[in-house]
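Let's read a model together, one feature at a time. Bring your questions, and we will go from the general idea to the case at hand.

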Amino acid sequence: MKVSDVMGTRAVAVRPEAPFTEIVEAMRRFKVGALTVIDADEHPIGVVSDDDLLLKETDSTSAGGAFDSPRRREEHHKAAGVTAREMMTSPAITVTKDTAVRDAARLMHRYRIKQLPVIESATGRLVGTVQQSDLLKVFTRPVEEIDREITEICNHLYVDREHLTVDVEAGVVTLTGHVGFRSQISRLVAAVHGIDGVLDVENRLAYRSDDLTPTLPLP
């Protein structure tokens, strides 16, 4: 699945000069936890989150000590800011509509962010946003869709689907039955594990022929 399958088409954004009060009002009005900051050409240049705004309450507006870490100095700077440009995290981490959902989820986890601006790949302009809650939609896919993809994988790997039993429950796929060759099992399990919406694969497969164990030549 791609970002275009789960993203929201409405993007809430502010200009770099937007004051603190305007940012707070926009977050409350649209019930979002972050806003994209865009330039005059509607290109994302940063993101302001509710965590950035809370620094005004939890952090001193002083410059900090000489031995503060770079991250600590950045927090002091944001706490003293009064505009989106001064409080935003920059550069903006963005994705396109064609970005895989798994890759978008990895970006959110790596950078500890709650949403990603979605840009048009050709122009770089903001066209939407994808939230953490949007990405979770991939794990509520209908069982029929997952089963259909498994059948396509079996056809690609020359595995007889009629000899397999597939059970899907809470994102866990259980494969039971047998395949023709031992080497097909690892490839099948890996491919099924890569299906969007699959959290884990329980392998209960057997095989008819062992093509992985070398046969010693006769003396």
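**Reading helices, strands and a surface patch**

Q: Which residues of helix α1 are buried?

A: This is a predicted model. In α1, which spans residues 20-30, the buried residues are Ile23, Val24, Ala26 and Met27.

Q: How should I read that spacing?

A: An α-helix has 3.6 residues a turn, so residues three or four places apart point the same way. Here the buried residues cover an arc of only 160° around the axis, which puts them on the same side of α1. Thr21, Arg28 and Arg29 are exposed on the face turned away from that buried side. Just after α1 comes lysine 31, with a positive phi near 55°.

Q: Can we try the same reading on α7? Which of its residues are buried, and which are exposed?

A: Ile146, Ile150, Ile153 and Cys154 are buried in α7. Looking down the axis, these buried residues fall within an arc of 100°, so they line one face of the helix. The other side of α7 carries the exposed residues Glu144, Glu152, Asn155 and His156. As for its length, α7 has 14 residues and reaches 20 Å from first C-alpha to last, close to the 20 Å expected at 1.5 Å a residue.

Q: Now a strand, please: where do the side chains of β5 point?

A: In a regular strand the side chains alternate between the two faces of the sheet. In β5, Gln115, Pro117 and Ile119 point one way, while Leu116 and Val118 point the other way, and all are buried. With 5 of its 5 residues (115-119) buried, β5 is largely enclosed by the rest of the structure.

Q: Which strands pair with β5?

A: Strand β4 (residues 95-96) pairs with β5 in the parallel sense, over 2 bridges. Strand β6 (residues 126-131) runs antiparallel to β5 and is joined to it by 5 bridges. Valine 118 of β5 is a handy place to look: its bridge partners include valine 95 and, in β6, glycine 128. The hairpin of β5 and β6 has 6 residues between the strands, and glycine 124 takes a positive phi near 80° there.

Q: Finally, the surface: which residues make the nonpolar patch?

A: Leu136, Phe139 and Leu199 make a nonpolar surface patch of about 300 Å². Phenylalanine 139 sits in the loop between α6 (132-135) and α7 (143-156). This phenylalanine 139 is partly exposed, with a relative accessible area of 40%.

Technical notes
Residues are numbered from 1 along each chain as its sequence is written. This is a predicted model: local features need pLDDT of at least 70, side-chain atom pairs count only at pLDDT 80 or more; totals for chains, interfaces and linings use all residues. Side-chain values use heavy atoms; hydrogens and water are left out. Buried means under 20% relative accessible area, exposed over 50%, partly exposed in between (1.4 Å probe, protein chains only). Helices (H or I, at least four residues) and strands (E, at least two) are DSSP runs, numbered from the N terminus. The arc is that of the directions from the helix axis to the C-beta atoms. Patches are made of residues with over 30% relative accessible area and no salt bridge: like charges are joined within 9 Å, nonpolar side chains (Val, Leu, Ile, Met, Phe, Trp, Tyr) within 5 Å. Accessible areas come from the Shrake-Rupley method with a 1.4 Å probe; for residues, only the protein chains shown count as cover. A salt bridge is a side-chain nitrogen of Lys or Arg within 4 Å of a carboxyl oxygen of Asp or Glu. Two strands pair if DSSP finds at least two bridges between them. The expected span of a helix is 1.5 Å times one less than its number of residues.
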